[in-house]
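Dear colleague,

Please find below the structure that I am handing over to you. A short account of what was found in it follows.

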Amino acid sequence: MLKINKFKAVLVFAVAFTFQFIQAQDEQGVHQRSEAYMAPTDPLVKEKLSKWENQKFGMLIHWGVYSVPGIMESWNLCSESWIERDSTIAYNDYKKWYWNLDKIFNPVNFDPDSWADAAETAGMKYMVFTTKHHDGFNMFNTQQTDYKITNGPFQNHPKANVAKHIFEAFRKKDFMIGAYFSKPDWHSQYFWWDKYATPNRNANYDIEKYDWRWNKFKEFSFNQISELMHDYGSIDILWLDGGWIRPKETVNDEVRAWGAPIPEASQEIDMPKIAEMAREAQPGIIFADRTVHGPYENYQTPERKIPETKLDNPWESSLPLGNNWGYVPNDPFKSPTAVIHNLIEVVAKGGNLLLGVGPKPDGTLPLEVIDKLEKIGSWLDKNGEAIYDTHAIDNYQDGNIFFTEKGNKQYTIVILEEGKEIPKSVSWAKNLPSENAKIRLLQTGKKVDFKIKGDNVEIRLPKEIRSAKNSAAIAFSIEN
(Lines give C-alpha, C1' and ligand atoms only; values in the text may rest on other atoms or scores of the structure.)
Protein backbone atom coordinates (compact mmCIF):
# COMPACT_ATOMS: atom_id res chain seq x y z
CA MET A 1 0.00 0.00 0.00
CA LEU A 2 1.15 3.54 -0.73
CA LYS A 3 1.11 6.13 2.01
CA ILE A 4 -1.13 9.17 1.72
CA ASN A 5 1.12 12.16 1.15
CA LYS A 6 0.89 15.63 -0.32
CA PHE A 7 0.94 14.25 -3.85
CA LYS A 8 -1.98 12.01 -3.02
CA ALA A 9 -3.87 14.89 -1.43
CA VAL A 10 -3.49 16.86 -4.67
CA LEU A 11 -4.58 13.80 -6.60
CA VAL A 12 -7.69 13.52 -4.43
CA PHE A 13 -8.69 17.04 -5.45
CA ALA A 14 -7.82 16.51 -9.09
CA VAL A 15 -9.76 13.29 -9.37
CA ALA A 16 -12.72 14.76 -7.52
CA PHE A 17 -12.80 17.61 -10.04
CA THR A 18 -12.29 15.28 -12.98
CA PHE A 19 -15.10 12.94 -12.04
CA GLN A 20 -17.67 15.18 -10.44
CA PHE A 21 -19.83 15.16 -13.57
CA ILE A 22 -19.32 11.53 -14.51
CA GLN A 23 -22.58 9.59 -14.47
CA ALA A 24 -22.91 5.85 -13.98
CA GLN A 25 -25.52 5.68 -16.69
CA ASP A 26 -23.79 3.58 -19.32
CA GLU A 27 -25.77 0.42 -20.01
CA GLN A 28 -22.79 -1.70 -18.95
CA GLY A 29 -22.88 -0.18 -15.48
CA VAL A 30 -26.63 -0.47 -15.02
CA HIS A 31 -28.58 -3.50 -13.87
CA GLN A 32 -31.59 -3.99 -16.08
CA ARG A 33 -34.68 -5.80 -14.87
CA SER A 34 -34.57 -9.55 -15.45
CA GLU A 35 -37.55 -10.79 -17.43
CA ALA A 36 -38.01 -14.10 -15.61
CA TYR A 37 -39.57 -14.28 -12.15
CA MET A 38 -40.02 -17.14 -9.68
CA ALA A 39 -42.43 -16.35 -6.86
CA PRO A 40 -41.37 -17.42 -3.34
CA THR A 41 -43.25 -20.25 -1.64
CA ASP A 42 -42.14 -19.76 1.99
CA PRO A 43 -45.21 -18.29 3.79
CA LEU A 44 -43.01 -16.03 5.95
CA VAL A 45 -41.26 -14.64 2.89
CA LYS A 46 -44.59 -14.10 1.13
CA GLU A 47 -45.90 -12.24 4.19
CA LYS A 48 -42.86 -9.99 4.42
CA LEU A 49 -42.84 -9.40 0.68
CA SER A 50 -46.50 -8.32 0.83
CA LYS A 51 -45.66 -5.89 3.63
CA TRP A 52 -42.71 -4.53 1.62
CA GLU A 53 -44.90 -4.00 -1.46
CA ASN A 54 -47.17 -1.74 0.60
CA GLN A 55 -44.30 0.51 1.75
CA LYS A 56 -43.94 2.05 -1.75
CA PHE A 57 -41.08 4.46 -1.00
CA GLY A 58 -37.59 3.76 0.33
CA MET A 59 -34.11 5.24 0.68
CA LEU A 60 -30.98 3.67 -0.83
CA ILE A 61 -27.81 4.97 0.84
CA HIS A 62 -24.43 4.70 -0.91
CA TRP A 63 -21.61 5.66 1.44
CA GLY A 64 -17.99 4.58 1.45
CA VAL A 65 -14.44 5.67 0.69
CA TYR A 66 -15.58 6.91 -2.74
CA SER A 67 -17.37 9.69 -0.86
CA VAL A 68 -14.03 11.22 0.17
CA PRO A 69 -12.99 12.45 -3.32
CA GLY A 70 -16.63 12.52 -4.44
CA ILE A 71 -16.45 10.13 -7.38
CA MET A 72 -18.71 7.61 -9.11
CA GLU A 73 -18.81 4.95 -6.38
CA SER A 74 -16.42 2.02 -6.92
CA TRP A 75 -16.62 1.87 -10.67
CA ASN A 76 -13.50 3.93 -11.37
CA LEU A 77 -11.48 0.95 -10.12
CA CYS A 78 -12.80 -1.12 -13.00
CA SER A 79 -10.76 -1.29 -16.22
CA GLU A 80 -13.55 -1.45 -18.79
CA SER A 81 -13.92 0.69 -21.90
CA TRP A 82 -16.92 2.66 -20.63
CA ILE A 83 -14.96 3.91 -17.59
CA GLU A 84 -13.05 7.17 -18.13
CA ARG A 85 -10.11 8.16 -15.91
CA ASP A 86 -7.40 10.81 -16.05
CA SER A 87 -5.08 9.50 -18.76
CA THR A 88 -2.02 10.96 -17.01
CA ILE A 89 -2.43 8.54 -14.09
CA ALA A 90 -1.32 4.94 -14.54
CA TYR A 91 -4.06 2.44 -13.75
CA ASN A 92 -2.11 0.64 -11.01
CA ASP A 93 -1.22 3.97 -9.39
CA TYR A 94 -4.89 4.92 -9.46
CA LYS A 95 -5.86 1.69 -7.72
CA LYS A 96 -3.20 2.18 -5.04
CA TRP A 97 -4.44 5.71 -4.46
CA TYR A 98 -8.02 4.51 -4.21
CA TRP A 99 -7.24 1.68 -1.80
CA ASN A 100 -5.59 4.21 0.52
CA LEU A 101 -8.63 6.46 0.82
CA ASP A 102 -9.53 4.49 3.95
CA LYS A 103 -6.61 6.22 5.67
CA ILE A 104 -8.38 9.59 5.45
CA PHE A 105 -12.04 8.55 5.64
CA ASN A 106 -13.05 10.02 9.00
CA PRO A 107 -16.79 10.94 9.15
CA VAL A 108 -16.60 12.84 12.43
CA ASN A 109 -20.10 14.35 12.05
CA PHE A 110 -21.80 10.99 11.47
CA ASP A 111 -25.33 11.16 12.87
CA PRO A 112 -27.55 8.30 11.65
CA ASP A 113 -30.56 9.61 13.56
CA SER A 114 -30.56 12.71 11.35
CA TRP A 115 -30.57 10.46 8.27
CA ALA A 116 -33.55 8.54 9.62
CA ASP A 117 -35.30 11.83 10.44
CA ALA A 118 -34.81 13.03 6.86
CA ALA A 119 -36.13 9.77 5.42
CA GLU A 120 -39.16 9.82 7.72
CA THR A 121 -39.86 13.44 6.81
CA ALA A 122 -39.74 12.45 3.14
CA GLY A 123 -42.44 9.84 3.69
CA MET A 124 -40.11 6.88 3.17
CA LYS A 125 -40.94 3.57 4.83
CA TYR A 126 -37.92 1.34 4.23
CA MET A 127 -34.19 1.68 3.67
CA VAL A 128 -31.27 -0.14 2.05
CA PHE A 129 -27.70 0.65 3.18
CA THR A 130 -24.49 -0.29 1.36
CA THR A 131 -22.62 -2.44 3.87
CA LYS A 132 -20.03 -3.10 1.13
CA HIS A 133 -19.77 -1.87 -2.46
CA HIS A 134 -17.70 -3.49 -5.24
CA ASP A 135 -14.49 -1.86 -3.98
CA GLY A 136 -14.61 -4.20 -0.96
CA PHE A 137 -14.52 -1.47 1.69
CA ASN A 138 -16.70 -2.62 4.55
CA MET A 139 -19.02 -0.22 6.35
CA PHE A 140 -19.46 -2.72 9.17
CA ASN A 141 -17.10 -4.40 11.61
CA THR A 142 -16.45 -7.57 9.65
CA GLN A 143 -13.90 -9.98 11.06
CA GLN A 144 -12.96 -11.32 7.62
CA THR A 145 -10.72 -8.41 6.54
CA ASP A 146 -9.06 -5.28 7.92
CA TYR A 147 -10.35 -3.17 5.02
CA LYS A 148 -13.21 -1.61 6.96
CA ILE A 149 -14.47 1.58 8.60
CA THR A 150 -13.57 0.24 12.07
CA ASN A 151 -9.89 -0.03 11.17
CA GLY A 152 -9.04 3.56 10.23
CA PRO A 153 -9.13 7.06 11.70
CA PHE A 154 -12.79 6.55 12.68
CA GLN A 155 -12.16 3.36 14.65
CA ASN A 156 -12.35 4.94 18.13
CA HIS A 157 -15.59 6.80 17.49
CA PRO A 158 -18.50 5.42 19.60
CA LYS A 159 -20.44 4.80 16.38
CA ALA A 160 -17.53 3.40 14.37
CA ASN A 161 -19.52 0.30 13.41
CA VAL A 162 -21.68 2.51 11.22
CA ALA A 163 -24.00 -0.13 9.71
CA LYS A 164 -25.10 -1.19 13.18
CA HIS A 165 -26.01 2.36 14.17
CA ILE A 166 -27.67 3.18 10.85
CA PHE A 167 -29.88 0.10 11.07
CA GLU A 168 -30.77 0.95 14.68
CA ALA A 169 -31.65 4.56 13.84
CA PHE A 170 -34.06 3.53 11.07
CA ARG A 171 -35.41 0.57 13.02
CA LYS A 172 -36.47 2.95 15.81
CA LYS A 173 -38.73 4.64 13.26
CA ASP A 174 -40.26 1.31 12.24
CA PHE A 175 -38.56 1.22 8.84
CA MET A 176 -38.04 -2.07 7.08
CA ILE A 177 -34.28 -2.65 7.04
CA GLY A 178 -32.28 -3.65 3.96
CA ALA A 179 -28.61 -4.62 3.83
CA TYR A 180 -26.95 -3.98 0.44
CA PHE A 181 -24.01 -6.34 -0.10
CA SER A 182 -21.80 -6.50 -3.18
CA LYS A 183 -21.10 -10.07 -4.25
CA PRO A 184 -17.93 -9.07 -6.16
CA ASP A 185 -15.11 -7.75 -3.97
CA TRP A 186 -12.32 -6.07 -5.90
CA HIS A 187 -10.15 -5.64 -2.80
CA SER A 188 -10.12 -9.32 -1.89
CA GLN A 189 -7.18 -11.42 -3.03
CA TYR A 190 -9.69 -14.21 -3.50
CA PHE A 191 -11.42 -12.17 -6.22
CA TRP A 192 -8.84 -9.82 -7.74
CA TRP A 193 -5.58 -11.68 -7.23
CA ASP A 194 -2.42 -9.55 -7.42
CA LYS A 195 -0.72 -12.27 -9.45
CA TYR A 196 -2.67 -11.08 -12.50
CA ALA A 197 -3.94 -7.86 -14.05
CA THR A 198 -7.55 -6.80 -13.49
CA PRO A 199 -8.98 -6.37 -17.01
CA ASN A 200 -12.65 -6.12 -16.03
CA ARG A 201 -15.25 -6.54 -13.27
CA ASN A 202 -14.88 -10.32 -13.02
CA ALA A 203 -12.52 -12.49 -11.01
CA ASN A 204 -9.13 -12.01 -12.68
CA TYR A 205 -7.91 -15.60 -12.54
CA ASP A 206 -9.06 -18.95 -13.90
CA ILE A 207 -11.41 -20.06 -11.12
CA GLU A 208 -11.57 -23.61 -12.49
CA LYS A 209 -7.78 -23.94 -12.45
CA TYR A 210 -7.54 -22.23 -9.06
CA ASP A 211 -10.75 -23.62 -7.61
CA TRP A 212 -9.26 -23.57 -4.10
CA ARG A 213 -8.96 -19.78 -4.34
CA TRP A 214 -12.55 -19.37 -5.53
CA ASN A 215 -13.70 -21.67 -2.72
CA LYS A 216 -11.93 -19.33 -0.29
CA PHE A 217 -13.86 -16.44 -1.84
CA LYS A 218 -17.15 -18.30 -1.37
CA GLU A 219 -16.21 -18.95 2.25
CA PHE A 220 -15.25 -15.27 2.69
CA SER A 221 -18.59 -14.11 1.24
CA PHE A 222 -20.61 -16.58 3.31
CA ASN A 223 -18.89 -15.48 6.51
CA GLN A 224 -19.45 -11.78 5.82
CA ILE A 225 -23.15 -12.25 5.06
CA SER A 226 -23.45 -14.45 8.15
CA GLU A 227 -22.06 -11.61 10.26
CA LEU A 228 -24.71 -9.26 8.88
CA MET A 229 -27.45 -11.82 9.46
CA HIS A 230 -26.43 -12.62 13.05
CA ASP A 231 -24.89 -9.48 14.54
CA TYR A 232 -26.92 -6.51 13.27
CA GLY A 233 -30.45 -7.01 14.56
CA SER A 234 -33.54 -7.69 12.51
CA ILE A 235 -32.90 -7.45 8.74
CA ASP A 236 -35.83 -7.54 6.32
CA ILE A 237 -34.04 -7.43 2.95
CA LEU A 238 -30.72 -8.83 1.73
CA TRP A 239 -30.06 -6.70 -1.37
CA LEU A 240 -27.31 -8.46 -3.33
CA ASP A 241 -25.64 -6.41 -6.05
CA GLY A 242 -23.21 -7.50 -8.74
CA GLY A 243 -25.37 -9.70 -10.94
CA TRP A 244 -22.40 -10.95 -12.95
CA ILE A 245 -21.60 -13.16 -9.96
CA ARG A 246 -24.05 -15.90 -10.88
CA PRO A 247 -24.30 -19.55 -11.86
CA LYS A 248 -23.25 -20.08 -15.47
CA GLU A 249 -26.57 -21.74 -16.31
CA THR A 250 -28.44 -18.50 -15.54
CA VAL A 251 -26.54 -16.60 -18.25
CA ASN A 252 -28.90 -16.30 -21.20
CA ASP A 253 -29.35 -14.00 -24.22
CA GLU A 254 -30.98 -11.40 -21.98
CA VAL A 255 -27.90 -11.27 -19.73
CA ARG A 256 -25.51 -11.24 -22.69
CA ALA A 257 -27.42 -8.30 -24.18
CA TRP A 258 -26.40 -6.14 -21.21
CA GLY A 259 -22.92 -5.86 -22.74
CA ALA A 260 -20.87 -6.75 -19.65
CA PRO A 261 -17.98 -9.21 -20.09
CA ILE A 262 -18.99 -12.78 -19.19
CA PRO A 263 -16.31 -15.30 -18.19
CA GLU A 264 -16.33 -18.95 -19.24
CA ALA A 265 -16.41 -20.27 -15.68
CA SER A 266 -19.41 -20.15 -13.36
CA GLN A 267 -18.92 -17.35 -10.82
CA GLU A 268 -21.45 -18.70 -8.34
CA ILE A 269 -21.09 -18.28 -4.57
CA ASP A 270 -23.49 -21.01 -3.39
CA MET A 271 -26.66 -19.00 -2.85
CA PRO A 272 -28.59 -22.06 -1.54
CA LYS A 273 -26.15 -22.31 1.38
CA ILE A 274 -26.26 -18.54 2.00
CA ALA A 275 -30.06 -18.51 1.80
CA GLU A 276 -30.46 -21.38 4.24
CA MET A 277 -28.21 -19.66 6.76
CA ALA A 278 -29.84 -16.26 6.29
CA ARG A 279 -33.41 -17.51 6.66
CA GLU A 280 -32.51 -19.50 9.74
CA ALA A 281 -31.11 -16.32 11.30
CA GLN A 282 -33.75 -13.97 9.82
CA PRO A 283 -36.98 -15.92 9.17
CA GLY A 284 -38.89 -14.55 6.18
CA ILE A 285 -36.05 -12.31 4.95
CA ILE A 286 -36.52 -11.11 1.37
CA PHE A 287 -33.67 -11.75 -1.08
CA ALA A 288 -33.01 -9.37 -3.94
CA ASP A 289 -30.31 -11.30 -5.80
CA ARG A 290 -30.45 -8.74 -8.54
CA THR A 291 -31.01 -9.96 -12.11
CA VAL A 292 -30.19 -13.58 -11.20
CA HIS A 293 -33.33 -15.44 -12.25
CA GLY A 294 -34.58 -17.96 -9.75
CA PRO A 295 -35.63 -18.45 -6.14
CA TYR A 296 -33.34 -15.75 -4.69
CA GLU A 297 -34.69 -12.81 -6.66
CA ASN A 298 -37.87 -12.24 -4.66
CA TYR A 299 -38.48 -8.95 -6.42
CA GLN A 300 -37.16 -7.44 -9.64
CA THR A 301 -34.98 -4.33 -9.63
CA PRO A 302 -34.95 -2.15 -12.76
CA GLU A 303 -32.20 0.43 -12.28
CA ARG A 304 -32.36 4.09 -13.37
CA LYS A 305 -35.58 3.47 -15.26
CA ILE A 306 -39.30 2.89 -14.84
CA PRO A 307 -40.84 0.01 -16.79
CA GLU A 308 -42.95 1.07 -19.75
CA THR A 309 -46.02 -0.82 -18.53
CA LYS A 310 -47.53 -2.22 -15.35
CA LEU A 311 -45.79 -5.31 -13.99
CA ASP A 312 -47.61 -8.01 -12.07
CA ASN A 313 -44.51 -9.29 -10.23
CA PRO A 314 -43.09 -7.51 -7.17
CA TRP A 315 -40.60 -4.89 -8.36
CA GLU A 316 -38.70 -1.78 -7.36
CA SER A 317 -37.22 1.01 -9.47
CA SER A 318 -33.98 2.32 -7.98
CA LEU A 319 -33.36 5.93 -9.06
CA PRO A 320 -30.65 8.25 -7.72
CA LEU A 321 -31.67 11.70 -6.55
CA GLY A 322 -28.71 13.07 -8.49
CA ASN A 323 -26.77 11.62 -11.41
CA ASN A 324 -24.67 9.48 -9.08
CA TRP A 325 -25.54 7.11 -6.27
CA GLY A 326 -22.92 8.36 -3.84
CA TYR A 327 -21.88 11.89 -2.90
CA VAL A 328 -20.44 13.90 -5.78
CA PRO A 329 -19.89 17.67 -5.37
CA ASN A 330 -22.20 19.79 -7.55
CA ASP A 331 -24.19 16.74 -8.65
CA PRO A 332 -27.39 18.03 -10.29
CA PHE A 333 -30.35 16.77 -8.26
CA LYS A 334 -33.82 15.96 -9.49
CA SER A 335 -36.48 18.39 -8.33
CA PRO A 336 -38.96 17.27 -5.65
CA THR A 337 -41.67 17.49 -8.32
CA ALA A 338 -39.76 15.13 -10.61
CA VAL A 339 -39.32 12.61 -7.79
CA ILE A 340 -43.02 12.82 -6.88
CA HIS A 341 -43.93 12.24 -10.53
CA ASN A 342 -41.62 9.21 -10.60
CA LEU A 343 -43.15 7.86 -7.41
CA ILE A 344 -46.71 8.24 -8.72
CA GLU A 345 -45.88 6.47 -11.99
CA VAL A 346 -43.99 3.65 -10.27
CA VAL A 347 -46.79 3.00 -7.76
CA ALA A 348 -49.49 3.14 -10.43
CA LYS A 349 -47.56 0.50 -12.37
CA GLY A 350 -47.39 -1.73 -9.29
CA GLY A 351 -43.90 -1.06 -7.98
CA ASN A 352 -41.88 0.61 -5.24
CA LEU A 353 -39.47 3.52 -5.64
CA LEU A 354 -36.05 3.28 -3.97
CA LEU A 355 -34.48 6.75 -4.07
CA GLY A 356 -30.68 6.91 -3.88
CA VAL A 357 -28.86 9.48 -1.74
CA GLY A 358 -25.19 9.86 -0.85
CA PRO A 359 -23.98 11.24 2.50
CA LYS A 360 -20.90 13.46 2.48
CA PRO A 361 -17.52 12.18 3.71
CA ASP A 362 -18.05 13.90 7.07
CA GLY A 363 -21.14 11.77 7.69
CA THR A 364 -23.88 14.33 7.04
CA LEU A 365 -26.50 14.47 4.32
CA PRO A 366 -26.14 17.49 2.01
CA LEU A 367 -28.50 20.28 3.05
CA GLU A 368 -29.93 20.41 -0.48
CA VAL A 369 -30.85 16.73 -0.20
CA ILE A 370 -32.59 17.32 3.15
CA ASP A 371 -34.52 20.25 1.68
CA LYS A 372 -35.71 18.20 -1.31
CA LEU A 373 -36.74 15.30 0.91
CA GLU A 374 -38.80 17.69 3.06
CA LYS A 375 -40.66 18.96 -0.01
CA ILE A 376 -41.39 15.42 -1.19
CA GLY A 377 -42.68 14.56 2.28
CA SER A 378 -44.87 17.65 2.36
CA TRP A 379 -46.76 16.36 -0.71
CA LEU A 380 -47.03 12.85 0.72
CA ASP A 381 -48.34 14.18 4.04
CA LYS A 382 -51.43 15.39 2.20
CA ASN A 383 -51.69 12.82 -0.59
CA GLY A 384 -50.05 9.66 0.74
CA GLU A 385 -53.40 7.91 1.00
CA ALA A 386 -53.29 7.51 -2.79
CA ILE A 387 -49.80 5.96 -2.59
CA TYR A 388 -49.28 3.77 0.49
CA ASP A 389 -50.91 0.32 0.73
CA THR A 390 -52.47 0.71 -2.72
CA HIS A 391 -52.33 -1.69 -5.64
CA ALA A 392 -52.23 -1.23 -9.40
CA ILE A 393 -55.24 -1.61 -11.67
CA ASP A 394 -55.35 -2.53 -15.34
CA ASN A 395 -56.36 0.93 -16.57
CA TYR A 396 -53.64 2.62 -14.55
CA GLN A 397 -53.02 5.65 -16.79
CA ASP A 398 -54.86 8.20 -18.87
CA GLY A 399 -52.28 10.67 -20.25
CA ASN A 400 -50.90 12.66 -17.31
CA ILE A 401 -53.34 11.00 -14.91
CA PHE A 402 -52.61 7.84 -12.93
CA PHE A 403 -54.91 5.58 -10.93
CA THR A 404 -54.43 3.39 -7.86
CA GLU A 405 -56.83 1.43 -5.69
CA LYS A 406 -57.23 0.39 -2.06
CA GLY A 407 -60.23 -1.43 -0.63
CA ASN A 408 -63.41 0.18 -1.92
CA LYS A 409 -61.62 3.38 -2.90
CA GLN A 410 -60.07 4.36 -6.18
CA TYR A 411 -57.52 7.15 -6.38
CA THR A 412 -56.96 9.49 -9.29
CA ILE A 413 -53.67 11.39 -9.32
CA VAL A 414 -53.26 14.26 -11.77
CA ILE A 415 -49.63 15.06 -12.56
CA LEU A 416 -49.05 18.80 -12.99
CA GLU A 417 -46.39 20.17 -15.28
CA GLU A 418 -43.58 21.70 -13.28
CA GLY A 419 -43.44 25.49 -13.45
CA LYS A 420 -46.86 25.84 -15.07
CA GLU A 421 -50.05 27.31 -13.60
CA ILE A 422 -52.54 24.89 -12.09
CA PRO A 423 -55.51 24.48 -14.47
CA LYS A 424 -59.00 25.56 -13.50
CA SER A 425 -60.35 22.08 -14.05
CA VAL A 426 -59.19 18.51 -14.67
CA SER A 427 -60.86 15.70 -16.58
CA TRP A 428 -60.25 12.09 -17.51
CA ALA A 429 -61.91 9.36 -19.53
CA LYS A 430 -60.83 6.08 -17.87
CA ASN A 431 -62.20 4.61 -14.63
CA LEU A 432 -65.16 6.96 -14.52
CA PRO A 433 -66.95 7.36 -11.19
CA SER A 434 -70.64 6.56 -10.83
CA GLU A 435 -73.06 9.48 -10.82
CA ASN A 436 -73.56 9.07 -7.06
CA ALA A 437 -69.86 8.76 -6.22
CA LYS A 438 -68.23 10.71 -3.43
CA ILE A 439 -65.06 12.41 -4.63
CA ARG A 440 -62.74 13.97 -2.10
CA LEU A 441 -59.69 16.15 -2.74
CA LEU A 442 -56.97 14.63 -0.58
CA GLN A 443 -55.04 17.87 -0.21
CA THR A 444 -57.94 19.54 1.64
CA GLY A 445 -60.01 16.55 2.71
CA LYS A 446 -63.09 18.24 1.24
CA LYS A 447 -65.65 16.81 -1.15
CA VAL A 448 -65.68 18.23 -4.66
CA ASP A 449 -68.42 18.45 -7.24
CA PHE A 450 -68.00 16.73 -10.58
CA LYS A 451 -69.78 16.38 -13.89
CA ILE A 452 -69.85 13.44 -16.23
CA LYS A 453 -69.95 14.68 -19.80
CA GLY A 454 -70.20 11.87 -22.29
CA ASP A 455 -67.09 9.72 -21.81
CA ASN A 456 -65.32 12.14 -19.47
CA VAL A 457 -65.56 13.26 -15.89
CA GLU A 458 -64.69 16.88 -15.13
CA ILE A 459 -63.82 18.49 -11.81
CA ARG A 460 -63.46 22.23 -11.36
CA LEU A 461 -60.65 22.91 -8.91
CA PRO A 462 -61.30 25.27 -5.97
CA LYS A 463 -59.46 28.60 -5.90
CA GLU A 464 -57.38 27.61 -2.89
CA ILE A 465 -55.84 24.82 -4.98
CA ARG A 466 -55.33 26.91 -8.11
CA SER A 467 -53.51 29.60 -6.16
CA ALA A 468 -51.06 27.12 -4.65
CA LYS A 469 -47.46 27.22 -5.82
CA ASN A 470 -45.18 24.36 -6.79
CA SER A 471 -47.84 21.67 -6.58
CA ALA A 472 -46.52 18.47 -8.13
CA ALA A 473 -49.83 16.62 -8.44
CA ILE A 474 -53.45 16.64 -7.28
CA ALA A 475 -55.00 13.49 -5.87
CA PHE A 476 -58.63 12.51 -5.42
CA SER A 477 -60.24 9.61 -3.58
CA ILE A 478 -63.38 8.17 -5.16
CA GLU A 479 -65.99 6.05 -3.44
CA ASN A 480 -68.60 4.68 -5.82
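**Findings**

Strand β15, which spans residues 456-460, contains Arg460. Please bear in mind throughout that this is a predicted model. Arg460 is classed as exposed because its relative accessibility is 56%, where exposed means over 50%. On the surface, Arg460 joins Lys424, Lys451 and Lys463 in a patch of positive charge.

Strand β1 (residues 57-61) holds Ile61. In contrast to an exposed residue, Ile61 counts as buried, because its relative accessibility is 0%. Its C-alpha atom is separated by 9.0 Å from that of Tyr180, although Ile61 and Tyr180 are 119 residues apart along the chain.

Helix α8 (residues 271-281) has buried residues at Met271, Ile274, Ala275, Met277 and Ala278. These residues lie on the same side of α8, because they cover an arc of only 165° around the axis. Glu276 and Glu280, on the other side of α8, are exposed.

Two loop residues also deserve your attention. Most residues other than glycine have a negative phi. Asp270, which is not a glycine, nevertheless has a positive phi of about 65°. Asp270 sits in the loop between α7 (253-256) and α8, and with 29% relative accessibility it counts as partly exposed. Asp389 likewise has a positive phi, near 65°, and is a residue other than glycine. Its place is in the loop between α10 (367-383) and β8 (397-398). At 43% relative accessibility, Asp389 is partly exposed.

Yours sincerely

Notes. Residues are numbered from 1 along each chain as its sequence is written. This is a predicted model: local features need pLDDT of at least 70, side-chain atom pairs count only at pLDDT 80 or more; totals for chains, interfaces and linings use all residues. Side-chain values use heavy atoms; hydrogens and water are left out. Patches are made of residues with over 30% relative accessible area and no salt bridge: like charges are joined within 9 Å, nonpolar side chains (Val, Leu, Ile, Met, Phe, Trp, Tyr) within 5 Å. Accessible areas come from the Shrake-Rupley method with a 1.4 Å probe; for residues, only the protein chains shown count as cover. A salt bridge is a side-chain nitrogen of Lys or Arg within 4 Å of a carboxyl oxygen of Asp or Glu. Lys and Arg count as positive and Asp and Glu as negative; His and the chain ends are not counted. The place of a charge is taken as NZ of Lys, CZ of Arg, CG of Asp or CD of Glu. Helices (H or I, at least four residues) and strands (E, at least two) are DSSP runs, numbered from the N terminus. Buried means under 20% relative accessible area, exposed over 50%, partly exposed in between (1.4 Å probe, protein chains only). The arc is that of the directions from the helix axis to the C-beta atoms.
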